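Work through the exercises below with the sequence and the model side by side, and try each task before reading its solution.

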Amino acid sequence: MNVSGKKIGFGLTGSFCTLEKALVQMEKLAFWGADIYPILSYMVDTTDTRFGTAQYFKTRILAVTGKECIKTIVDAEPIGPKRMLDLLAILPCTGNTLAKIANGITDTPVTMACKAQLRNDRPVLLGIATNDGLGANAKNIGLLQNTKNIYFVPFRQDAPEKKHNSIICRMELFVPAVEAALEGKQLQPVIMS
Ligand SMILES: Cc1cc2nc3c(=O)[nH]c(=O)nc-3n(C[C@H](O)[C@H](O)[C@H](O)COP(=O)(O)O)c2cc1C
């Protein structure tokens, strides 16, 4: 795997039902030798849901990465000037965070990390998980598809009969998508069935 020794920011945002699956991918990155810098949105840092407590996820992340999470905009800001990361992955990426990135809004640690990374002309990989991917956020996905240094974990509709606009990334393609993005390439096909 080409991720060995790479410094990879791992942003987690509030798609709570997919956090556990994202942690499995974080474990894979760690297994292959990546140096992982975890970054939490305020929502993930502070919210307990039926999918687990905030403390549970932070404890798991510390065990996988050996690092405390970046939890403030102030702590995420040095990613830019210190050129800390080879790649920033956001997995899961909510519709909320996706929309902010597409529209230049920087008001969480994860969106700050994204802004800092793009400032350095370095790759950002988005693993979408949102019920409005083909609805309110379709235009933002389209905009980001055409944005320099933005890559996607290939995605699909997850429940077309029940949730017409819902999009979820193929978690099992996360590490290959990281490898591709590190080389400046989009893993294809990006839209899957
Ligand atoms: C239990 C629960 C599950 C959620 N799942 C999702 C989801 O899968 N995708 C999504 O885009 N938003 C989801 N949300 C809504 C986001 O958490 C909400 O938009 C939040 O403002 C996102 O903030 P963030 O992007 O800064 O993490 C969920 C909220 C809750 C309480």
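For the first exercise, Ala, Val, Leu, Ile, Met, Phe, Trp, Tyr, Cys and Pro count as nonpolar, Asp, Glu, Lys and Arg as charged, and the others, Gly among them, as polar. The model is predicted, so local features need pLDDT of at least 70 and side-chain atom pairs count only at pLDDT 80 or more, while totals for chains, interfaces and linings use all residues. Residues are numbered from 1 along each chain as its sequence is written.

**Exercise 1.** Determine how the residues of the shell around the ligand divide by class.

Solution. Begin with the 17 residues that surround the ligand, each having its C-beta atom, placed from the backbone, within 6 Å of the ligand; the closest are Thr13, Gly14, Ser15, Ser41 and Thr94. Next, sort the shell by class, which gives 5 nonpolar, 12 polar and no charged residues. Finally, assign residues to elements (helices are DSSP runs of H or I, at least four residues, and strands runs of E, at least two, numbered from the N terminus): α5 gives the most, with 3 residues.

**Exercise 2.** Decide whether isoleucine 101 is buried or exposed.

Solution. First locate isoleucine 101 in helix α5, residues 95-102. Then count C-beta atoms, placed from the backbone: 20 or more others within 10 Å means buried, 12 or fewer exposed, and in between partly exposed. Isoleucine 101 has 24 within 10 Å and is therefore buried. As a last step, note that isoleucine 101 and asparagine 140, 39 residues apart in sequence, lie 8.6 Å apart in space, C-alpha to C-alpha.
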